Amino acid sequence: MKCVAAVVLISGIFVAACSGNDRAPMTIHVPGDAATIQQGVDRARRGDLVLIARGTYHESVIVKHSGVVVRGQDRNGTILDGQDKLVDGIAVTADEVAIENLTVHSYTNNGVLISGGYEAAQQGHDEPKVVEGYRMSYVTAYNNGLYGLYAFMARYGVIENSYVSGHPDSGIYVGQCNPCDAVVRQSTAEFNSIGYEGTNAGGNLFVINSLFRNNRVGITPNSQRYERLAPQRESIIAGNTVIDNMAAGAPEQGKGAFGIGIAIGGGGKNLVTHNYVSGHSAYGIGVTDLDSFAPENNRVEANSLDSNQVDLTYFFSDPTTAPIGNCFVGNTFTRSVPDTIEKLFPCEGSGVKPAGVPRFATAPKGPDYRTIAAPAPQPNMTNVNGPPIVPLKVAPTVDVASIATPKRPS
């Protein structure tokens, strides 16, 4: 093992640098210093880097020590393969852990899981801790049985420069947190049942500057009763390219929707702005109720929409709900349900009742998630051999006003 450095605060982040501490941070090489990834992370302590060589590893890894960075030497060549037998690729139950530059696929549940609930379930605890401080960077997750990248009861997080495909639930999931203090950015989700799902998740939560295409549903912040902290509220969906999310070749979710770009299901105080949304057989952006939760005070503003069956829609399926304060303003679109949606629901206030449920085509049956083609090679992180940067328990800041509406990729 080689000393990398002791932890020093530089420009608001912790960077490893050598010091006179009793145990200086180390680089633990797998398989050079530890035969398995699990042995490497078990040995690691705060400030350590577990650097995994190229190769295929048939392991389920649990990271229980805080302040550790787990990094692949080659994103496309450092592979965790569950062989459709192991449950989770990497489960993180500790604070301030980063997972970087590797591929994880063919696990029966999740590719990478960040959750104190995992360890609590193993130990029979009713009240799991909230994991604080996490990062998933340059991670490829595909063909796992539920979720690709999954943060549950976790705060102060970053999911960035990652790729997810072939998941029968969602590619990226952030759930049961408020405030989440998290950001999903510069990532791609395709051929999943849902690209991004945020159930009962919000509070300084951003999904920005990412690509959601060829899923069944692109993006959905939503409220549901099977998790705590309902109703969902206070997320910002901005600057994303959301296209062609009506892929019959994506795996299906039980009673799942189809042909939808962005759907707010029973959530509140969400902002959907400066997204480009195109090519959906149901609708581009919609606000509706879900699981008897009414959507309240959501704002759909300055999005560009085209080539959707319906560009903008506001409807409810449960007549007992009473949605209030939802508004649409400054969007570029052709067709809405109800018609003239921005006049009926302007952001200076409206008491008009939303539409009844539009007619949507039946979702086609999807393939087995295990048959989805493996993705093409994805970009590696730079400076793979550089020092680890440990995530902090710090809320991300995003200048939403500076985010521009993207154009359709060529």
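Here is a short back-and-forth about the disulfides, the sheet and one serine in this predicted model.

Me: What makes Cys177 and Cys180 a disulfide?
Reply: Their sulfur atoms sit 2.0 Å apart. The cut-off is 2.5 Å, so the pair qualifies as a disulfide. The link between Cys177 and Cys180 is right-handed, with 90° about the S-S bond.

Me: Are these two cysteines called buried or exposed, and how do you know that?
Reply: Cys177 has a relative accessible area of 5%, and Cys180 comes in at 0%. Buried means under 20%, so both Cys177 and Cys180 get that label.

Me: And how do you know that Cys327 and Cys347 form a disulfide?
Reply: By the same kind of check: the sulfur atoms of Cys327 and Cys347 are 2.1 Å apart, and that is within 2.5 Å, so this pair counts too. The Cys327 to Cys347 link is right-handed, with 90° about the S-S bond.

Me: What does that second link tie together?
Reply: Cys327 lies in strand β33 (residues 327-329), while Cys347 is in the loop between α3 (341-344) and β35 (389-390), so the bond ties together parts that are 20 residues apart in sequence.

Me: Why is Cys347 called partly exposed?
Reply: Because its relative accessibility is 24%, which falls between the 20% and 50% limits. Its partner Cys327, at 6%, is under 20% and therefore buried.

Me: What pattern do the disulfides follow?
Reply: The count comes to 2 disulfides. Counting bonded cysteines along the chain, the pattern is 1-2, 3-4.

Me: Why are β7 and β34 called edge strands?
Reply: The sheet is open, with 11 strands in the order β7-β10-β12-β14-β17-β20-β23-β26-β29-β32-β34, and the pairing is parallel. β7 (61-63) and β34 (336-337) each pair on one side only.

Me: How do you know that β26 and β29 pair?
Reply: Strand β26 (residues 260-265) and strand β29 (residues 283-288) are joined by 5 bridges. Pairing takes at least two, so they pass, and they run parallel. Ile264 stands opposite Val287 in β29.

Me: What makes Ser165 count as buried?
Reply: Its relative accessibility is 2%, and the limit is under 20%, so Ser165 is buried. Ser165 lies in strand β16 (residues 163-165).

Me: Which residues is Ser165 in contact with?
Reply: Leaving aside neighbours within four places in sequence, Ser165 is in contact with Ala141, Tyr142, Asn143, Glu190, Phe191, Asn192 and Pro375.

Methods
Residues are numbered from 1 along each chain as its sequence is written. This is a predicted model: local features need pLDDT of at least 70, side-chain atom pairs count only at pLDDT 80 or more; totals for chains, interfaces and linings use all residues. Side-chain values use heavy atoms; hydrogens and water are left out. Buried means under 20% relative accessible area, exposed over 50%, partly exposed in between (1.4 Å probe, protein chains only). Helices (H or I, at least four residues) and strands (E, at least two) are DSSP runs, numbered from the N terminus. Contact means heavy atoms within 4.5 Å.
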